[in-house]
Amino acid sequence: MDQDPAPGVDQIGINLLRIVTGTFFMAVALELVDGFDPAVLFRPILSPEISGVAGATTLLALAIWFMLGAALRLAALSLALFVLVSSFTTNFIVGSVEDLSAFWYDLTLCCGVLLSYLTLDEQRLRRASVFSHHARVQRIAARRRVRPRRVAPDPDTKPAKRDRPAPSEEINIFADIRG
């Protein structure tokens, strides 16, 4: 008997958790919520304005890739690595070491990203992708052969005859509109 890797949570639930996690990173990239600085990795080689755009674009692209689930392992590892290196650089190289809570917060998010695919086997990993999973039509085999039989109407029942009412019986509902 095959054990379910995450009992109680089906594929839809795992996909929803992945989408919610990805939307947080999208919000960080669009500066809607506070978080790590995605531009810190690009500042040594680019100007401050361009590094901000490059960092936000990179984080946004990785978050969308992660949410879509295409090549989920590679997407999750890339997103986690980008977040972890950006947070480490911000908190330990550029900033003071006293702000350890922000690093642990980002490290916890990286672990959540990595857990999004670690509980999935190969088949469920393929089904996690928006692009690579397609529903397939399967033929259902009948347990026994069905023999069609003729159904005859009951001889005592007469078919209902619905004739149109006679012109004298028709009621003109628009007769008193003109007054």
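## Model and confidence

Helices here are DSSP runs of H or I with at least four residues, numbered from the N terminus. With that in hand, here's a look at helix α2 and its surroundings in what is a predicted model.

The protein averages a pLDDT of 79, and 75% of the residues score at least 70. Confidence peaks in α2, at a mean of 90, and bottoms out in helix α5 (residues 122-127), at 69. As a rule, where pLDDT is low, the predicted coordinates shouldn't be read in detail.

## Helix α2 from end to end

Helix α2 covers residues 48-68. Its 21 residues reach 30 Å from the first C-alpha to the last, close to the 30 Å you'd expect at 1.5 Å a residue. Right after α2 comes G69, with a positive phi near 80°.

A good share of this section is about what's hidden: S51, A54, G55, A56, L59, L62, A63, F66 and M67 of α2 are buried. Their cover includes α1 (11-29), α3 and α4 (100-118).

## S51, a buried serine

S51 sits in helix α2. It counts as buried because its relative accessible area is 0%, and the cut-off is under 20%. Setting aside neighbours within four places in sequence, S51 is in contact with A39, F42, R43 and L46.

## How α2 packs on α3

Two packed helices are described by the angle between their axes and the distance between the axes. For α2 and α3 (residues 72-94), the axes come within 9 Å and cross at roughly 145°. The crossing is left-handed.

On the α2 side, the contact is made by G55, T58, L59, L62, A63, W65 and F66. From α3 come L72, L74, A75, A76, S78, L79, F82 and V83. Sorted by class, that's 12 nonpolar and three polar residues, with no charged ones. Several α2 residues in this contact are also buried, including G55, L59, L62, A63 and F66.

## The α1 side, seen from M26

Over in helix α1 there's M26. Not counting residues up to four places away in sequence, M26 touches L60, A63, I64 and M67. Among these, A63 and M67 are buried residues of α2, and A63 also takes part in the contact with α3.

How far apart in space are M26 and A61, C-alpha to C-alpha? The answer is 8.6 Å, though M26 and A61 are 35 residues apart in sequence.

Note on methods: Residues numbered from 1 in each chain as written. Predicted model: local features only at pLDDT ≥ 70, side-chain atom pairs only at ≥ 80, totals over all residues. Heavy atoms only, no water. Axes fitted to C-alpha atoms, helices over the stretch in contact; angles between N-to-C directions. Helix = DSSP H or I, 4+ residues; strand = E, 2+ residues; numbered from the N terminus. Left-handed = near helix turned anticlockwise from the far one by under 90°. Contact = heavy atoms within 4.5 Å. Nonpolar A, V, L, I, M, F, W, Y, C, P; charged D, E, K, R; others polar. pLDDT = per-residue confidence, 0-100. Buried < 20%, exposed > 50% of the residue type's maximum accessible area, 1.4 Å probe, protein only. Expected span 1.5 Å × (residues − 1).
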